[in-house]
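Visitor: Got a minute to go through this model with me? I'd like to start with the charged pairs.
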Amino acid sequence: RISTTSHHRMELSLEDAKRNIRDAARRAEQILDARLADVVQATRKMIAREEELEAERKRLAEDDASLEQAMAAFEKQQAEVEQLRKDVERYKSGGGGLFSCCAGSPLAPQATLEEAVISAQEETVIVPDATAEFGGSVSQAQEYFFDNPSDKRVVKIFSNSKQAWFQNSHADPAFFEQI
């Protein structure tokens, strides 16, 4: 039989063990609570970032739509400018067009001696073929002469896309007409 003192010591040891287990359980619970709080905070940050990314995606989609509208408007204006350029060239050469109402008025261009000489030269000179220089691209040639206004050469180009000849003039080297 166990003595009372031994029995009492065992009860104390058992109580100590229970207390140690309860303390360990409380510490584990505190650690789990802290980790759960970290997970909740990280999840909230992730959700907030996903919402920011979605807002950015929507803004970019709106920017793309605006850019497409701006490009369409630019292309339309570019076509209008090209038509005005053709009308001005037709007017300059006496072909009427948009400015035909001005023929004979003080607004009509007066031919200078230099222009008359150039015009006569254009009629008698063989115009050099610049198809290879501009890769068969009239728009590439127009861009070149527009960017280099001091180059007053008169050239002809066989357009690969239109399958037709185009020529510029001394008066407007950046403007090409089908010949």
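Visitor: Is R26 buried or exposed?
Guide: R26 counts as partly exposed because its relative accessibility is 46%; buried means under 20% relative accessible area, exposed over 50%, partly exposed in between (1.4 Å probe, protein chains only). This is a predicted model, where local features need pLDDT of at least 70, side-chain atom pairs count only at pLDDT 80 or more, and totals for chains, interfaces and linings use all residues. Residues are numbered from 1 along each chain as its sequence is written, and side-chain values use heavy atoms, with hydrogens and water left out.

Visitor: Which side chain does R26 meet in a salt bridge?
Guide: That's D23, at 2.9 Å, N to O. A salt bridge here is a side-chain nitrogen of Lys or Arg within 4 Å of a carboxyl oxygen of Asp or Glu. R26 and D23 are three residues apart in helix α1, so about one helical turn separates them. Helices (H or I, at least four residues) and strands (E, at least two) are DSSP runs, numbered from the N terminus.

Visitor: How many salt bridges by this rule?
Guide: Eight. One of them joins E133 and R153, 3.0 Å from N to O. That pair links distant parts of the chain, 20 residues apart: E133 is in the loop between α2 (113-124) and α3, R153 in the loop between α3 and β1 (156-159).

Visitor: Switching to α3, which residues are buried there?
Guide: V138, A141, Q142 and F145, in a helix spanning residues 138-147.

Visitor: And what does the face turned away from the buried side carry?
Guide: Exposed residues E143 and D147.
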